[in-house]
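I opened my notebook today to look at strand pairing, charged pairs and a buried glutamate. Here is what I looked up, entry by entry.

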Amino acid sequence: MWKRKNSVMSMWATGLLSLSVLAFTSCNKEGDENLGEGSMEIQVTDAPADNDGIEAVFVTVTNVKVDGQVVEGFEGPKTIDIMALQNGKTEVLATDRFTAKSYQNITLEIDSEMDEDGDMPGSYVEMSDGTKHKLASSAGEKSEYTFKGTSRVMADAKSTVVLDFDLRKFIRESDAGSASSFSFVSKSDLDGYLRFADEDNSGSVKGNYDGQIAADEKVIVYAYKKGSFNESQEADEDASIQFKKAVASSEIHGALTKSFSFYFLEEGEYEFHFASYEENEAGEMELNGLIDAESETNVDLLNNVEIQAGVQLTLNVIANGI
């Protein structure tokens with residue numbers, strides 16, 4: 001009799017547990033729905049490529065995912081000249097509605113073979129002399145790249161995120177006999193080093209550079225999250241990608257003004273490093289060394305440059321040599 005009662009009690013407890021789990025799952029699902037929906041607009045931008053002979057870089061996007069969810073609002077395939085989107089310029093890639101919560105990953109599927117009009121190649125580099133070089137991919141015809149960041153979609157509101165291609169990281173050039181060959185850097189090399197920024201939580205930098213730049217030299221500024229720069233690794237000549245951990249980069253322009261700029265930097269603390277490149281006998285730009293630079297306003301460029309959302313920071317920099 002006791003055993004039967006115990007058995008009945010066990011069945012009752014099991015049933016109660018099942019109902020509890022069901023109720024929790026149901027409430028959780030309803031809670032997810034009760035979060036509401038908002039819209040997310042996905043834009044793309046770029047930092048300049050190193051090769052001065054490159055006129056344009058066309059990339060064909062065939063699919064967009066946010067945290068693994070296919071973006072239905074993307075109308076693809078879409079072929080974009082990434083190099084036309086520098087110095088704060090952007091292009092809208094897709095807009096869709098999402099559950100109101102935080103998102104961390106945006107994945108693009110890129111086609112190397114066929115562009116939006118069905119012509120070949122799908123993704124390619126166009127040189128200043130008009131020649132085109134297909135951007136090959138080690139993954140085959142199509143490859144996926146994930147940009148990481150944080151964006152909060154609010155109910156009944158619109159958020160804007162900006163994907164930074166940063167072509168210095170994204171494409172690689174190699175010599176193939178008398179011609180150049182271009183390819184996408186492998187996904188494994190770029191994993192974790194492509195970023196997107198939430199526009200509402202981003203600031204910008206305008207800078208002026210007081211230093212000599214020779215005719216055969218270029219100076220590039222790299223922005224790093226505070227504490228993430230390691231010179232022996234980032235400036236290693238044998239590294240597959242130099243300055244890999246840089247959040248963004250900017251080439252100093254102008255013979256007189258010598259200005260540089262950064263856009264869509266998420267708020268936080270940064271450090272800025274200045275690198276000199278010189279042209280070698282083959283006409284290629286090689287790293288000459290890091291430049292000792294300081295701010296006229298006593299901002300510690302190497303340790304504590306604070307970026308605030310919606311604020312444009314001005315940096316006046318003095319170069320003290322390599």
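**Entry: a sheet**

I started in β22, where the bridge partner of N208 is N316. Before going on, I noted that this is a predicted model, in which local features need pLDDT of at least 70, side-chain atom pairs count only at pLDDT 80 or more, and totals for chains, interfaces and linings use all residues. Residues are numbered from 1 along each chain as its sequence is written, and side-chain values use heavy atoms, with hydrogens and water left out.

For my own bookkeeping, strands are DSSP runs of E with at least two residues, numbered from the N terminus. Two strands pair if DSSP finds at least two bridges between them.

I then looked up how β14 and β22 run relative to each other. Strand β14 covers residues 202-210, and its pairing with β22 is parallel, over seven bridges. D210 has I318 of β22 as its bridge partner.

On to β17: β14 pairs with β17 in the antiparallel sense, over six bridges. Here G207 stands opposite F260 of β17.

Next I checked β20. Three bridges join β20 to β22 (residues 312-319), and these two strands run antiparallel. S295 is matched with V317 of β22, and E294 stands opposite I318 of β22. I318 turns up twice in my notes, as the partner of D210 and opposite E294.

Which order do the four strands take in the sheet? I read it as β17-β14-β22-β20, an open sheet with mixed pairing. Its edge strands are β17 (259-266) and β20 (293-295), each of which pairs on one side only. The twist averages 30 degrees from one strand to the next; axes are lines fitted to C-alpha atoms, and angles run from 0 to 180 degrees between N-to-C directions.

**Entry: salt bridges**

I needed a rule here: a salt bridge is a side-chain nitrogen of Lys or Arg within 4 Å of a carboxyl oxygen of Asp or Glu. By that rule the count comes to eight salt bridges. I followed up three pairs and checked how accessible their residues are (buried is under 20% relative accessible area, exposed over 50%, partly exposed in between, with a 1.4 Å probe and protein chains only).

R97 pairs with E37, with their closest N and O atoms 3.4 Å apart. What does this pair tie together? R97 lies in β5 (residues 91-99) and E37 in β1 (residues 37-45), so the pair links parts that are 60 residues apart in sequence. R97 is partly exposed at 43% relative accessible area, and E37 is partly exposed at 39%.

E113 and K134 meet at 2.4 Å, N to O. E113 sits in the loop between β6 (102-111) and β7 (124-127) and K134 in strand β8 (residues 132-136), so this salt bridge ties together parts 21 residues apart in sequence. Both count as partly exposed, E113 at 22% and K134 at 36%.

The D164 to R195 salt bridge has its closest N and O atoms 3.5 Å apart. D164 belongs to β10 (residues 158-164) and R195 to β13 (residues 195-198), so parts 31 residues apart in sequence are tied together. Buried or exposed, I asked of D164? D164 is buried, at 5% relative accessible area, and R195 is also buried, at 14%.

**Entry: E217, without a salt bridge**

E217 is found in β15 (residues 217-225). I looked for a charged partner, counting Lys and Arg as positive and Asp and Glu as negative, with His and the chain ends not counted. E217 is buried yet has no salt bridge, and the nearest side chain of opposite charge, K258, is 8.8 Å away.

What does the side chain of E217 reach instead? I list polar contacts (a pair of N or O atoms within 3.5 Å; within protein, one must be able to donate a hydrogen and the other to accept it, and residues adjacent in sequence count only if both atoms are side-chain atoms). The E217 side chain reaches the backbone nitrogen of A214 at 3.0 Å and makes a polar contact with the side chain of S276 at 2.6 Å. Counting contacts (heavy atoms within 4.5 Å), E217 touches Q212, S276, Y277 and M285, leaving out residues up to four places away in sequence.

**Entry: N280**

Last, I found N280 in the loop between β18 (268-279) and β19 (285-291). The C-alpha atoms of N280 and E217 are separated by 10.0 Å, with their places 63 residues apart along the chain. The N280 side chain makes a polar contact with the side chain of E286 at 2.9 Å.
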